[in-house]
Amino acid sequence: MRLSSSLTAAAVISLSALGSVEAQQTQPACSSIYTRPEILSLTPSQWSNISGVLGAMQRDGWFAWFAYLHNQWFGQIHGNSQFFPFHRRFVQDWESVGQRYSGSFVQPYWDEMRDYRAPASSQVLTSNWVGGNGQGANNCVVNGNQAGWTMTFPNRHCLSRNFANNGNPTSWYSPEYIQSTIQRDITMAQFRPDIEFSLHGVVHISIGGDMVQGFSSNDWTFMLHHANLDRLWWQWQTSNNRMWVMDGSNYDNTQITLNTNIAYYNMPVRNVMQLGYGSMCYQYASNPLKRRDLGSSIEATLIDTLPKDVLSTWFPDTAKIMMPVVNIVRPPPALATSTPGLTPGSGIPFPAQMTEEWIQMHHYNKTDVNRVNNDARNFVIAMNSAGYKSPV
């Protein structure tokens with residue numbers, strides 16, 4: 001009964017968020033909208049079509065072009081509020097090129113939170129899909145859809161991967177933590193670093209090889225990853241009337257606005273803010289507020305397990321469904337040294353953190369990075385101390 005009430009309230013929130021912002025929209029509504037699926041939901045024929053298009057794009061130099069573009073604008077699109085709008089436009093640009101080869105081509109996303117406990121064991125990183133860790137002295141990818149590929153930017157080299165932690169990357173960020181971030185963050189100045197310094201960074205670092213370079217889009221895993229991050233941004237946008245929230249700093253330290261041009265692309269940020277309008281003619285496979293991985297099983301466990309103060313601190317939207325009045329309290333920074341087990345039905349493990357090399361490469365503010373690290377660790381401590389057993 002409680003779960004049913006939750007979903008009803010979520011639907012109301014979603015309709016409110018979408019319906020109250022029409023005055024902001026200057027782009028025409030799309031005449032048709034295609035759906036980006038989760039990669040493991042693809043049929044064999046869909047996967048065959050995608051693989052064929054990717055091979056043609058590699059042959060014709062498109063992987064090199066997008067790697068060049070990302071590398072060229074690297075400093076302007078990380079560590080500031082250009083991060084989400086640029087990558088939304090970048091992935092859509094990539095997708096539109098693929099659709100020239102096949103009208104049915106769509107860019108899937110990878111629901112990485114599903115695989116957060118043991119990333120190297122993900123089905124996605126197997127020969128049936130994108131392939132696994134690199135092999136040999138140059139860490140060349142030898143299986144999957146990019147097996148044996150020679151990339152041409154910035155020079156001729158095999159596509160490489162070098163999984164972190166000697167081939168067994170540390171746990172990523174749990175679906176519970178990402179949902180907590182979506183619920184707690186109010187501004188882009190909060191949400192952008194909370195995602196960029198957590199899930200975004202550790203996936204790149206964990207896969208390694210080309211994925212830890214400015215030309216990381218050589219690896220198609222980049223597109224899967226950033227489509228997922230775009231999906232998370234869309235979830236955040238469609239909750240609590242945040243569709244048009246754009247604030248924080250631009251790459252030149254001015255304040256970004258909806259009218260700021262996206263780096264490289266000669267269009268204002270507002271043109272990519274709302275899916276289903278302008279050139280953003282796509283949606284994701286599930287309703288943002290009724291996602292499979294953060295749906296009934298996790299929400300029910302949160303509600304049934306967590307004390308009211310913990311629920312209201314870390315999941316204020318969920319708490320509001322259960323309690324009329326909630327005072328949101330941000331926890332102070334803290335560290336811990338242990339965590340419960342790493343299997344579904346047990347506690348949440350501490351996630352990996354960004355390396356010093358990654359932080360320096362992006363010129364990130366170390367204080368901001370530490371804040372995100374401490375927030376994630378506090379979350380794990382709070383969940384495990386409350387006896388929460390994740391179903392994922």
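This section describes salt bridges, a cavity, an enclosed helix and a buried glutamine in a predicted model.

The structure contains twelve salt bridges. Among them is the pair formed by Arg88 and Asp230, whose closest N and O atoms are 2.4 Å apart. Arg88 belongs to helix H4 and Asp230 to helix H8 (residues 221-237), so this salt bridge ties together parts of the chain that are 142 residues apart in sequence. Both partners are withdrawn from the surface under the cut-off of 20% relative accessible area that marks a residue as buried: Arg88 is buried at 1% relative accessibility, and Asp230 is buried with a relative accessible area of 4%. The pair also takes part in a network of salt bridges that links Arg36, Arg88, Glu95 and Asp230.

Arg88 and Asp230 appear again in the lining of a cavity. A search of the whole structure finds four cavities of 30 Å³ or more, and the second largest of these has a volume of about 40 Å³. Its lining consists of Phe83, Phe84, His87, Arg88, His226, Leu229, Asp230 and Trp233. Helices H4 and H8 are the elements that contribute two or more residues to this lining. In terms of residue class, four of the lining residues are nonpolar, two are polar and two are charged.

A second salt bridge joins the side chains of Glu38 and Arg114, with an N to O distance of 3.1 Å. Glu38 is located in the loop between strand E1 and helix H2 (44-59), whereas Arg114 is located in the loop between helix H4 (83-101) and strand E2 (150-151); the pair therefore ties together parts that are 76 residues apart in sequence. The two partners fall into separate accessibility classes: Glu38 is buried, with a relative accessible area of 7%, while Arg114 counts as partly exposed at 23% relative accessibility.

A further salt bridge is formed by Glu356 and Lys366, the closest N and O atoms of which are 2.6 Å apart. Glu356 is in helix H12 (residues 356-362) and Lys366 is in helix H13 (residues 366-385), with their positions ten residues apart in sequence. Glu356 counts as partly exposed, at 38% relative accessibility, and Lys366 likewise counts as partly exposed, at 34%.

Burial can also be described for a whole element. In helix H6 (residues 175-184), ten of the ten residues are buried, so this helix is largely enclosed by the rest of the structure. The buried residues of H6 are Pro175, Glu176, Tyr177, Ile178, Gln179, Ser180, Thr181, Ile182, Gln183 and Arg184.

Burial is found in a loop as well, in the case of Gln25. This residue is situated in the loop between helix H1 (2-19) and strand E1 (34-36). Gln25 has a relative accessible area of 15% and is therefore buried. The side chain of Gln25 lies 2.8 Å from the backbone nitrogen of Gln27. In addition, the side chains of Gln25 and Gln274 are joined by a polar contact of 3.0 Å. When residues up to four places away in sequence are not counted, Gln25 touches Trp244, Gln274 and Tyr277. Gln274 is thus named both as a residue that Gln25 touches and as its partner in a side-chain polar contact.

Terms used. Residues are numbered from 1 along each chain as its sequence is written. This is a predicted model: local features need pLDDT of at least 70, side-chain atom pairs count only at pLDDT 80 or more; totals for chains, interfaces and linings use all residues. Side-chain values use heavy atoms; hydrogens and water are left out. Helices (H or I, at least four residues) and strands (E, at least two) are DSSP runs, numbered from the N terminus. Buried means under 20% relative accessible area, exposed over 50%, partly exposed in between (1.4 Å probe, protein chains only). A polar contact is a pair of N or O atoms within 3.5 Å; within protein, one must be able to donate a hydrogen and the other to accept it, and residues adjacent in sequence count only if both atoms are side-chain atoms. Contact means heavy atoms within 4.5 Å. A salt bridge is a side-chain nitrogen of Lys or Arg within 4 Å of a carboxyl oxygen of Asp or Glu. On a 1 Å grid over the protein atoms alone, a cavity is a set of points where a 1.4 Å probe fits but cannot get out, and a pocket is an open set with protein on both sides within 12 Å along at least five of seven lines; lining residues have an atom within 4 Å of a point. Grid points are joined across faces, edges and corners, and a volume is the space filled by probe spheres set on the points. Ala, Val, Leu, Ile, Met, Phe, Trp, Tyr, Cys and Pro count as nonpolar, Asp, Glu, Lys and Arg as charged, and the others, Gly among them, as polar.
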